[in-house]
Amino acid sequence: MNFMQKWTDQYVEELIGNLLQTGVILASAVVLLGGSIYLVRHGLSAPQYHVFMGEPTDLRTLSGIVRDALTLQGRGIIQFGLLLLIATPVARVAFSVAAFAFQRDRLYVVVTLVVLAILLYSLTSGEG
Amino acid sequence: MNIIEFTAVVSVASLLAGFVGSLTGLGGGIIITPLLTLALGVDIRYAIGATLVSVIATSSGAAAAYVREGFSNIRIGMFLEIATTLGAVAGALLATRISTGAISLIFGVVLLYSAYASSRPRRERSEALGPDPLATRLRMNGSFPTPKGASSYNVQHVPGGFSLMFGAGVLSGLLGIGSGAVKVIAMDQVMDIPFKVSTTTSNFMIGVTAAASAGVYFGRGYIDPGLAMPVMLGVVVGSLVGARVLTHAKTGWLRIVFGLVIGIMALEMICHGLTGRL
């Protein structure tokens with residue numbers, strides 16, 4: 001079987017399914033780990049969500065979240081898991097560009113690149 | 001109530017939200033937002049952040065199964081995502097300039113009508129219509145599994161569907177809710193795509209639309225880990241169950257569930273429009 005014949009729609013669907021599943025399982029495992037640490041440490045205090053205070057800076061930015069997660073803080077690890085969750089659909093779109101390219105489907109390479117560009121633009125323009 | 005009890009309540013509700021969200025292609029916001037704000041007294045901004053997490057989790061959780069089994073149509077999804085993501089950017093830009101109250105009210109009334117229209121049984125006639133030249137060029141026609149074997153369909157009215165999708169994107173940027181409903185309605189009622197393909201393709205798309213606004217929500221500090229944790233874990237499990245149920249569910253039954261859910265959503269929107277809060 002040559003390279004192009006291998007990349008049927010069905011094969012691509014199988015790969016995209018695997019990618020999404022891996023992303024979700026990975027993100028859930030990380031959130032579960034962080035959640036356990038968080039509940040063990042803070043489980044008995046009262047939740048305070050009725051007044052909006054906003055998250056502290058270290059839980060808003062990529063570098064802050066990574067730093068907190070590396071020092072094994074429950075909330076930092078959860079945020080890191082959420083970043084993995086958000087990265088999953090982005091990775092799916094990025095992978096689709098390659099998959100359509102392997103299928104020699106130029107129209108959809110362009111379509112998917114446009115979506116990826118808009119997605120990255122709005123993701124990064126939000127970091128403020 | 002301490003944090004452990006709070007986490008337990010939110011997990012159970014999120015399980016239900018993931019189930020309904022994956023079954024209808026709407027995401028779980030319709031259950032998560034009112035539960036958090038009305039029943040648990042959570043500030044709306046934390047609730048919006050948690051809802052965003054629930055939409056991405058529902059979408060990715062169920063999409064793995066839907067894509068592999070051949071329900072979601074990847075080309076339709078990708079092509080229409082241009083419209084929804086562009087619309088979302090436009091909506092976010094408009095949000096600071098216009099009052100959302102009036103938009104909520106109008107959208108609520110439109111949804112109320114759609115709830116009626118889409119819950120009625122509809123003959124899935126797309127195969128009988130013959131291929132549309134534009135849809136054929138865009139390679140959108142496909143097939144999906146049914147108990148009687150693969151059933152093929154021909155997509156119709158691409159420009160109309162595309163415009164509605166742009167509207168869905170604007171709404172999600174403007175109101176943060178309801179884009180899934182417009183997506184399903186556009187595919188089902190305008191483009192003549194079979195209902196299960198419409199809901200599962202919407203489910204496939206909403207994760208990308210939601211991910212586009214994730215940067216903004218993180219930056220504003222709306223995403224709280226203690227709240228997002230039970231929401232995400234509950235929703236993932238619920239969406240996996242929903243994906244299993246959809247495969248075998250009768251389309252007529254799914255339409256009724258969909259109609260009921262967007263009917264409730266319509267009332268929420270009308271209330272929001274009249275009182276200025278959600």
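A residue counts as buried if 20 or more other C-beta atoms lie within 10 Å of its own. Keep that cut-off in mind for the views below, which come from a predicted model.

**View 1. Val12(A), a buried residue in a helix of chain A.**
Our opening close-up sits in helix H2 of chain A, where Val12(A) is found. Val12(A) has 20 C-beta neighbours inside 10 Å, so it counts as buried. Who are its partners from further along the chain? Setting aside neighbours within four places in sequence, Val12(A) is in contact with Trp7(A) and Ala99(A). You can also look for Pro89(A): it is 77 residues from Val12(A) along the chain, and the C-alpha atoms of the two are separated by 15 Å.

**View 2. Chain A, built from five helices.**
Step back for a moment to see the chain that holds Val12(A). Chain A has five helices and zero strands, so its elements read α-α-α-α-α from the N terminus on. How far does the C-alpha trace of chain A span along its principal axes? The answer is about 60 × 30 × 25 Å. The radius of gyration of chain A is 19 Å, whereas a compact globule of 128 residues would have a value near 14 Å. Of the 128 residues in chain A, 38% are buried. Among contacts in chain A with a separation of 6 or more, 59% join residues 24 or more positions apart.

**View 3. The side of chain A that touches chain B.**
Here 53 residues of chain A meet 53 residues of chain B. On the chain A side, the elements that give two or more residues are helix H2 (9–42), helix H4 (74–102) and helix H5 (106–125). Which of them gives the largest share? That is H2(A), with 16 residues. Sorted by class, this side of chain A has 28 nonpolar, 19 polar and six charged residues.

**View 4. The largest nonpolar core and Ile56(B).**
This core has 120 residues. Those with the most contacts inside it include Leu82(A) from chain A and Ile56(B) from chain B. Helix H3 (residues 44–69) of chain B gives the most to this core, with 15 residues. Zoom in on Ile56(B) and leave out residues up to four places away in sequence: Ile56(B) touches Leu85(A), Ile86(A) and Pro89(A), along with Gly207(B), Ala210(B) and Ala211(B).

**View 5. Two helices of chain B crossing.**
Helix H1 (residues 3–24) and helix H11 (residues 251–275) of chain B pack at an angle of about 115°, and their axes are 10 Å apart. H1(B) passes H11(B) in a left-handed crossing. From H1(B), the contact uses Val20(B), Leu23(B) and Thr24(B); from H11(B), it uses Leu254(B), Val257(B), Phe258(B) and Val261(B). Six residues of this contact are nonpolar, one is polar and none is charged.

**View 6. Leu72(A) and His157(B), two loop residues with positive phi.**
Most residues other than glycine have a negative phi. Leu72(A), however, has phi near 60°, and His157(B) has phi near 45°. Leu72(A) lies in the loop between helix H3 (62–70) and H4 of chain A. His157(B) lies in the loop between strand E2 (149–153) and helix H7 (158–175) of chain B. Is Leu72(A) buried or exposed? It counts as exposed, because it has 11 C-beta neighbours inside 10 Å. His157(B) has 17 such neighbours and therefore counts as partly exposed.

Terms used: Residues numbered from 1 in each chain as written. Chains lettered and ligands numbered in written order. Predicted model: local features only at pLDDT ≥ 70, side-chain atom pairs only at ≥ 80, totals over all residues. Axes fitted to C-alpha atoms, helices over the stretch in contact; angles between N-to-C directions. Helix = DSSP H or I, 4+ residues; strand = E, 2+ residues; numbered from the N terminus. Left-handed = near helix turned anticlockwise from the far one by under 90°. Contact = placed C-beta atoms within 7 Å. Nonpolar A, V, L, I, M, F, W, Y, C, P; charged D, E, K, R; others polar. Buried ≥ 20, exposed ≤ 12 C-beta atoms within 10 Å, placed from the backbone. Core = buried A, V, L, I, M, F, W, Y, C linked by C-beta atoms within 7 Å. Rg over C-alpha atoms; globule rule 2.2 N^0.38 Å.
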